[in-house]
Amino acid sequence: MRLGTSFFEQDVLVVAPLLIGKQLVRLYDDGHLEKYIISETEAYDGENDLACHACRGRTERNKVMYGQGGLIYVYLVYGMYWMINFVTGQKDQPQAVLLRGVEGINGPGKLTRQLQIDKSFYAEDLATSKRIWVEDDGTTSKFRTDKRVGIDYAGDYWKNVPWRFIKI
């Protein structure tokens, strides 16, 4: 069953762990379809979270985070890796879940390369997209938490908050 807008309109700290074990579905341009089990996510919780791209308010880059839950936020890091995030929460409450891995592909840059994710996915709606969406087959997965990765700039509190969710 495809997850709709109402799933993603929940708070990021609800959605991020619930995504563990869900199926990320990708329909490629050549017509073949692949399903991947989501194995790692990270939560970014709005303007108060100093590791979140919304911590300095709305910009051209992050404006999709201020939209409805279920939109895709992609951005380029190091000039070479696209990061894919799912916007969560209500409109004007900028939250997002970074997809860090799926079973067999660890690391957000490797993930987007394998899934051929690029800037064209920016603001795509997971509820209606014909090329990427999330399905729930009813199974639940256990996970552990850990601190988020690569955000030392955000300070001790924010870099150590256990908002990374990893399938066990």
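Three short exercises with worked solutions follow.

This is a predicted model: local features need pLDDT of at least 70, side-chain atom pairs count only at pLDDT 80 or more, and totals for chains, interfaces and linings use all residues. Residues are numbered from 1 along each chain as its sequence is written, and side-chain values use heavy atoms, without hydrogens or water.

**Exercise 1. Find how many disulfides the model has.**

Solution. Start with the rule: a disulfide is a pair of cysteine sulfur atoms within 2.5 Å. The count is zero. Take C52: its nearest cysteine sulfur, in C55, is 6.9 Å away. That gap is too far for a bond. Now check burial (buried is under 20% relative accessible area, exposed over 50%, partly exposed in between; 1.4 Å probe, protein chains only). C52 is buried at 2%. C55 is partly exposed at 21%.

**Exercise 2. Place R148 and list its polar contacts.**

Solution. R148 sits in the loop between strand 8 (143-146) and helix 4 (156-160). These are DSSP runs, numbered from the N terminus: helices are H or I, at least four residues, and strands are E, at least two. R148 is buried, at 3% relative accessibility. Next, polar contacts: N or O pairs within 3.5 Å; within protein, one atom must be able to donate a hydrogen and the other to accept it, and residues adjacent in sequence count only if both atoms are side-chain atoms. The R148 side chain meets the D49 side chain at 2.7 Å. A polar atom of the R148 side chain also lies 2.8 Å from the backbone oxygen of A43.

**Exercise 3. Which residues beyond four places in sequence does L24 contact?**

Solution. Contact means heavy atoms within 4.5 Å. Among the partners of L24 are Y36, I38, F86, L99 and W133.
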